[in-house]
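Work through the exercises below with the coordinates open. Try each task before reading its solution.

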Amino acid sequence: MKIHYRREIDGLRAVAVVAVVLFHAGFDAFSGGYTGVDIFFVISGFLISLILIKELDTGTFSIVSFYERRARRIMPALLLVMLACLPFAWFLLSPPDMKGFAQNVVAVMLFASNIFFWRSAGYFDSDSDLKPLLHTWSLSVEEQFYIFFPLILWLCWRYARRATPLILTVILLASLWAAHKMAPVAAGANFFLLPTRAWELLIGTLCAMHVSRKNYVTPTGMVPEIGSLVGLAAIVYSIFAFDKNTPFPSFYALVPTVGAALIILLATQQTITGRYILGNRPTVLIGLISYSAYLWHQPLFAFARYDSANGLTAWQLCALAVIAFVLGYFTWKYVEAPFRSKSTVTRKQIFSFAALASSLFLAVGLAGHVSKGFVMRMDPTAVAYLDKFDLRYPTWSYYKTSDWFNNFRIECDYYDVPKQWSGNSTQMPKQISSSCHTRDAQKSHAIFLWGDSHAQQFYSGLKKNLPQSWQILQIASSGCRPMLVMADSADNYCTHSNFHALQSIGANHPEVVLIAQEQGHDIAHMQKMAEALKALGVRKVLFAGPTPHWQKGGLPTLIATRFWGHVPDHTFYGLNMKVKGIDDRFKADFHNAPQAEYVSLFDHFCNAAGCQTIVNGSIDNVTTYDYGHLAAIASDSIARSALVPKILETEAAQTSTAIVTHFNPNTSASNS
C-alpha cells in the first residue's frame, strides 16, 4: 500500500485550526469553534493509522520508529513555544497564576495536561482564556492514545486481523456511549479525558482501515461530490451552531467528526470540496502550518489579555490571530521541517534533545511549584497579604477553622469536601446537617438558599440582617447548577443535591427561595424553575445574578500585584466583562419574567468608576476573597440593601393577606 499526499486533508486542518483560533479569540459567531479539536483528532487517527497499517502489512512495524516520528512531529515546536512563554510568565503572572503555570509546564512534559485541567479548571471557565497552556490538553489526549493504540493494533493484526475492524468499532461505540452518558453528570472529566475522546481518533482509524483494503477503489461520480459537501456543511454547522452549553463530547460531537470522516473518505481532487474549497493553495498552506499556529495562538491571547487593563478589542484579537499564523509559518519552516528530516537530525539526536529539554522544563516547573510561583519576585508584605487569601490548595483543617466555613455554611453542601481537598476525586453524596432542611416550628418564616457556592455566599449576610422570625434553609452544593430533576441519583452528587433541594422545598413550604449559581441559566429554564417552585407554594422566587468576577488571579491578587500601596475603591482593571454582559442580559430578560425577580449584584457593587474592591478603605475588607465569591462584609452589604428588603416584602404581603382573610365575612371560620 502506497500512501499518497492529500491536499484536501491539509485543507481540512486549515478549517479546524481557524475555527479553534477564532473561538479562543472570543468571537461569538464561532461559538462552536472548539470542535476544530475534534476534527484534528479524526485527522490524526486517520494519518497515524495509515502509516501503522502500512508497516504492519509490510512487516516493518517498530514501536521505536513510531515514537521517533511522534517526537519529531510534536516536541521541537512545542518546546520552542514553551520556551517563549517563560519570560512572559515571569514578568506578567501573579504568584498564584505563576504557580499554576509552573504546574501546567510539568503536566505538559508528562503529557498529562488534560488531567491537570480536569483537576483544576474547566475549558469554558470564565478565566480559561488567561491560561497560556490551556490548549495543550488536546496534545496530551493524543499522546495518551498513542501509548496504547500501536500495541493494541499490533496485537489485533497478529491474532485477530479479520476481526480488527469489529474490535475497534466496539471500543469506539463504548467510548462514544460513555461520552454521551457522562456529558450531563461529569462534564469536566468527559471533556478532557481520553476514555471519552478515544472514539474520535478511532473514527479516523476506521477510515484508514477502509481506504487500506486491497480491493479499495476511489469513489467517483455524484456520491463523493454530495457526500463531501454534506461533510463540510456538518463541520460548518457545528462551528457556528454549537456553543459552551452544548453537551460535549456526546452524540452532538458526531456532527463535526462524521463530517470530517466524510471529507476524508470522499473529498478527492475530483470533487468541488476537495479541489477548490479545501485544496486551494492558501488553504493548504494554512493546513501545513496548523500545528505550529495552534501552539502559538493561546499563549498570545492569554498573555495579551493578562497584561491588558480590561480586555482586548476585536481588532487587537484579530491582529494576535494573524501573528499566530505568521509565527506558525516560520516555526513550521525553520523548526518543524528540519527536525522531521532524518538527514538533518538523527534518531539519537532527537531523543537526546527531547529528553534534555523535557528535563529542564520539568525542573523549572517543579521550582515554580515549590516556590509558590516564584514569590521572591514580589514585595514580602504583599506576599504575606496574599497568603491570607490563598484558597487554591488549602487543607481541610484550614477550612474547618476559617470564617469561610461558617460564612458559607458548608455543612449544607453535598460535595464531600474532605475528599475533595485531600486529592480524592470521588464525589459521592454525603449526609448533611438536618438543620439545613428541617423547618423550625418556632420560626414563622423561612427562606431557602438553592444553588452552588455562589448561593452559599449569601448565608452570612442574610443571617446577620434577617429578623429572628426568619429561618434560613439551605441546600447548595459546590459546582452544582440548580436544576429541576425528577429522580434521585446516588452516583452523582449534583443530581442528588438538586433532588433533595426540591424535596425539601416541597416539604418545608418556605415563603422565599433564593437561587444563585456562578453564571446563571438561560431565562427559559429560570422561568420553568420559578413556575415549578410557585406550584410548590413558594410565594417569591429570587434569582441572584453573578458576582463581579476578577481575573488575573482574583481580587486579592490584583491588590497585591497591581494596586499595592494605592488601592482604588472601584476599578474596571481586571474585571471580567463577559460576566458583566451576562448580568446585562439577565436584567433585560427579566423584564418579561413575571414568575421571578432578579437581583443584580453589579448594580449594587459597581458604578461608573468600576466595581468595588474594598470596604471602609481597608485592604483586609475585600469584596471578594478570590475571583468572585463574596467575603462576609460584602455578603452583609448586599443582604442589607438589596435582598432583605425584597424578602420582607413577602412577610408584609403575607400579613396583609391574613388580615383581609380574617375580616372577610364570606370566609368560613375554619379558614380564619
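The exercises cover cores, a hairpin and salt bridges in this predicted model.

**Exercise 1. The largest nonpolar core**

Task: find which residues touch the most other members of the largest nonpolar core, and which helix gives the most to this core.

Solution:
- Step 1. The largest nonpolar core holds 73 residues.
- Step 2. Leu12, Phe46, Tyr123, Trp137, Phe145 and Leu153 touch the most other members.
- Step 3. Helix H2, residues 35-58, gives the most to this core: 12 residues.
- Step 4. Another core lies apart from it, with 50 residues, including Phe408, Cys606, Ala639 and Ala642.
- Step 5. Now take Leu153. Leaving out residues up to four places away in sequence, Leu153 touches Leu52, Ile53, Leu56, Thr164 and Leu168.

A general remark: nonpolar side chains tend to be buried together in soluble globular proteins.

**Exercise 2. A hairpin**

Task: state in which sense strands S9 and S10 pair, and find the turn residue with a positive phi.

Solution:
- Step 1. S9 spans residues 614-615 and S10 spans residues 618-622.
- Step 2. The two strands pair in the antiparallel sense, over 2 bridges.
- Step 3. Val615 has Ser618 in S10 as its bridge partner.
- Step 4. S9 and S10 form a hairpin with 2 residues between them. In the turn, Asn616 has a positive phi of about 60°.

**Exercise 3. Buried or exposed partners**

Task: for the salt bridges Glu411 to Arg409 and Glu511 to Arg439, classify each partner by accessibility.

Solution:
- Step 1. Glu411 and Arg409 meet at 3.7 Å, N to O.
- Step 2. Buried means under 20% relative accessible area. Arg409 has 6%, so Arg409 counts as buried.
- Step 3. Glu411 has 30%, so Glu411 is partly exposed.
- Step 4. Glu511 and Arg439 meet at 3.8 Å, N to O. The pair links distant parts of the chain, 72 residues apart. Glu511 sits in the loop between helix H23 and strand S3. Arg439 sits in the loop between helix H20 and strand S1.
- Step 5. Here Glu511 is buried, at 6%. Arg439 is partly exposed, at 26%.

**Exercise 4. A salt-bridge network**

Task: place the Lys580 to Asp584 salt bridge in its helix, then list the network that links them.

Solution:
- Step 1. The side chains of Lys580 and Asp584 meet at 2.9 Å, N to O.
- Step 2. Both lie in helix H26, residues 577-589. They are 4 residues apart, about one turn of the helix.
- Step 3. Lys580 is partly exposed at 23%, and Asp584 is partly exposed at 36%.
- Step 4. Salt bridges link Lys580, Asp583, Asp584, Lys587 and Asp603 in a network.
- Step 5. The count for the model comes to 25 salt bridges.

Terms used: Residues numbered from 1 in each chain as written. Predicted model: local features only at pLDDT ≥ 70, side-chain atom pairs only at ≥ 80, totals over all residues. Heavy atoms only, no water. Core = buried A, V, L, I, M, F, W, Y, C linked by side-chain atoms within 4.5 Å. Buried < 20%, exposed > 50% of the residue type's maximum accessible area, 1.4 Å probe, protein only. Contact = heavy atoms within 4.5 Å. Pairing = 2+ DSSP bridges. Salt bridge = Lys/Arg side-chain N within 4 Å of Asp/Glu carboxyl O.
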